[in-house]
Amino acid sequence: MRTSILVRYKDYLPITADTPLFSLGEADTPLVRCKALETEIGCGELYLKLEGCNPTGSFKDRGMVVAIAKAMEAGSKAVMCASTGNTSASAAAYAAYCGLTAVVIVPKGKIALGKLAQAIVYGAKILSVDGNFDQALQMVRGLTEKHPITLVNSLNPHRIDGQKTAAFEIVDVLGEAPDYLFIPVGNAGNITAYWKGFVEYFQATKARSKPKMMGFQAEGAAPIVRGHVVEKPETVASAIRIGNPASWKKAVAARDESGGVIDMVSDAEILAAQRLMASKAGVFGEPASAASVAGLIKLSRKGLDLSKKRAVCIITGTGLKDTDAALKDAQPFIEVPADLAAIEKVLGWA
Ligand code: F0G
């Protein structure tokens with residue numbers, strides 16, 4: 001059985017004698033080195049952190065286990081979040097495990113079906129709002145201020161504390177912080193969490209350095225890059241279709257304190273990176289996840305010399321959640337009769 005992050009990293013988490021300690025199998029995710037991508041991109045060492053291997057298929061589970069444990073400790077009976085899909089799936093699963101009610105608000109027609117299926121099956125109360133994520137989050141903030149329900153978006157500091165453990169794992173596995181960390185940015189909680197983790201490990205002398213934080217938004221949903229709220233965000237990467245990130249200032253601080261950048265990538269670059277990562281590394285990440293690899297490719301093409309550097313890309317969620325996006329421009333299959341000779345012919349083996 002895996003050790004819960006609530007136990008493994010308890011010295012860095014708000015754990016008290018009354019915090020319930022449990023695990024759905026989150027964290028301790030693989031850090032996979034990919035030599036083919038290193039060659040392709042021109043990077044000294046390149047690792048993919050497979051957060052899609054978490055129990056609900058995204059990094060949200062790290063934050064959720066802490067947020068739900070603290071909600072239990074406080075005697076809460078219900079939790080609530082706004083979500084582009086992954087947070088709602090995670091909140092629904094952990095609430096189900098702990099016997100809590102989960103209420104989730106999602107933007108109508110804008111969440112990947114796999115994620116919606118998760119929230120349905122885990123038994124969440126799902127409200128589909130005629131608006132975008134930013135509006136949904138506004139509703140949730142208002143409702144959780146008025147009613148005795150715990151907010152489990154990343155505005156909840158316990159979410160950030162749980163998610164920072166991924167930075168600890170990277171240092172624990174590599175023995176040192178990487179030079180660069182590439183990460184998608186939506187509501188900006190995760191980049192905030194990683195930076196917090198790297199800083200805390202540095203302060204605890206577990207690492208001698210900190211990485212440059214390289215955050216990537218989608219071009220149609222890039223408020224931080226453009227310096228203003230995007231009223232109508234649009235991108236194929238529905239997970240990061242966010243126009244007014246809650247942790248905007250913290251993401252900018254992570255960028256500036258680390259000497260990194262927050263830049264943007266187009267939908268075409270995201271989808272190309274998703275394909276490349278799948279075909280060269282055998283890793284199927286959802287479009288938002290591919291923004292990290294797309295960003296790495298973009299900056300390397302623009303002249304960032306990574307040839308002697310160690311970089312980690314965070315693959316935040318599994319591609320299985322959003323097969324529509326992956327199949328949209330896929331080649332049609334070759335149709336064949338159930339006949340050996342005919343198949344040999346098609347394959348050119350005849
Ligand atoms: N990647 C995936 C797969 C996500 O689901 C999200 C955010 C991000 C990246 C961006 O992380 O918001 O911390 O900057 N998903 C949220 C959700 C918004 O509701 O599931 P962030």
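Select Glu73 in this predicted model: Glu73 is partly exposed, with a relative accessible area of 27%. Now add Lys70, whose side chain meets that of Glu73 in a salt bridge, with 3.0 Å from N to O. Both residues sit in helix H3 (residues 60-73), three residues apart, which means about one helical turn separates them. Colour the pair by accessibility and the two ends differ in class: Lys70 is buried at 14% relative accessible area, while Glu73 is partly exposed.

**Salt bridges between separate elements**

A search of the whole structure finds 19 salt bridges. Side chains of opposite charge can pair when their charged atoms come close.

Select Lys164 and Glu200 next. Their side chains meet in a salt bridge, 2.9 Å from N to O. Lys164 is in the loop between helix H7 (157-163) and helix H8 (165-174), and Glu200 is in helix H9 (residues 189-203), so that the pair links distant parts of the chain, 36 residues apart. Are these two residues buried or exposed? Lys164 is buried, with a relative accessible area of 1%. Glu200 is also buried, at 19%, a value that falls under the 20% limit for that class.

Move to Arg310 and Glu45. The closest N and O atoms of this salt bridge are 2.9 Å apart. Arg310 belongs to strand S10 (residues 306-315) and Glu45 to strand S2 (residues 43-50), so the pair ties together parts that are 265 residues apart in sequence. Arg310 is partly exposed, with 23% relative accessible area, and Glu45 is partly exposed as well, with 21%.

Then select Lys49, Glu51, Arg62 and Glu169 together. These four residues are linked in a network of salt bridges.

**The six-stranded sheet**

Strands S2 and S10, which hold the Glu45-Arg310 pair, lead into a sheet. Show strands S1, S2, S10, S7, S8 and S9: they form an open sheet of six strands in the order S1-S2-S10-S7-S8-S9, with mixed pairing. Which strands stand at the edges? Strand S1 (31-33) and strand S9 (261-265) do; each has a single partner strand, so one side of each is left without a neighbour in the sheet. Look along the sheet to see the twist: neighbouring strands are turned by 25° against each other on average, direction ignored.

Zoom in on the S9 edge. Strand S8 (residues 212-218) runs parallel to S9, and five bridges join the two. To find one position in this pairing, select Ala218, which stands opposite Val265 in S9. Although S9 is an edge strand, it is mostly covered, with four of its five residues buried.

**Two loop residues with positive phi**

Go to the loop between helix H1 (5-8) and S1 and select Asp28. Its phi is near 55°, a positive value in a residue other than glycine. Asp28 counts as partly exposed, at 49% relative accessibility.

The second stop of this kind is Thr205, in the loop between H9 and S8. Phi of Thr205 is also near 55°, again positive in a residue other than glycine. How accessible is Thr205? Its relative accessible area is 70%, and Thr205 is exposed.

**A buried threonine**

Select Thr84, in the loop between strand S3 (78-82) and helix H4 (86-98). Thr84 is buried, with a relative accessible area of 9%. Add Ala239 and show backbone atoms. The backbone oxygen of Ala239 lies 2.9 Å from a polar atom of the Thr84 side chain.

**A nonpolar patch**

For the last stop, switch to a surface view and select Ile334, Val336, Ile343, Val346, Leu347 and Trp349. Together they form a nonpolar patch on the surface, with about 600 Å² of accessible area. Within this patch, pick Val346, which is found in helix H15 (residues 340-347). Val346 is partly exposed, with a relative accessible area of 43%.

Note on methods: Residues are numbered from 1 along each chain as its sequence is written. This is a predicted model: local features need pLDDT of at least 70, side-chain atom pairs count only at pLDDT 80 or more; totals for chains, interfaces and linings use all residues. Side-chain values use heavy atoms; hydrogens and water are left out. Two strands pair if DSSP finds at least two bridges between them. Axes are lines fitted to C-alpha atoms, for helices over the stretch in contact, and angles run from 0 to 180 degrees between N-to-C directions. Patches are made of residues with over 30% relative accessible area and no salt bridge: like charges are joined within 9 Å, nonpolar side chains (Val, Leu, Ile, Met, Phe, Trp, Tyr) within 5 Å. Accessible areas come from the Shrake-Rupley method with a 1.4 Å probe; for residues, only the protein chains shown count as cover. Buried means under 20% relative accessible area, exposed over 50%, partly exposed in between (1.4 Å probe, protein chains only). A polar contact is a pair of N or O atoms within 3.5 Å; within protein, one must be able to donate a hydrogen and the other to accept it, and residues adjacent in sequence count only if both atoms are side-chain atoms.
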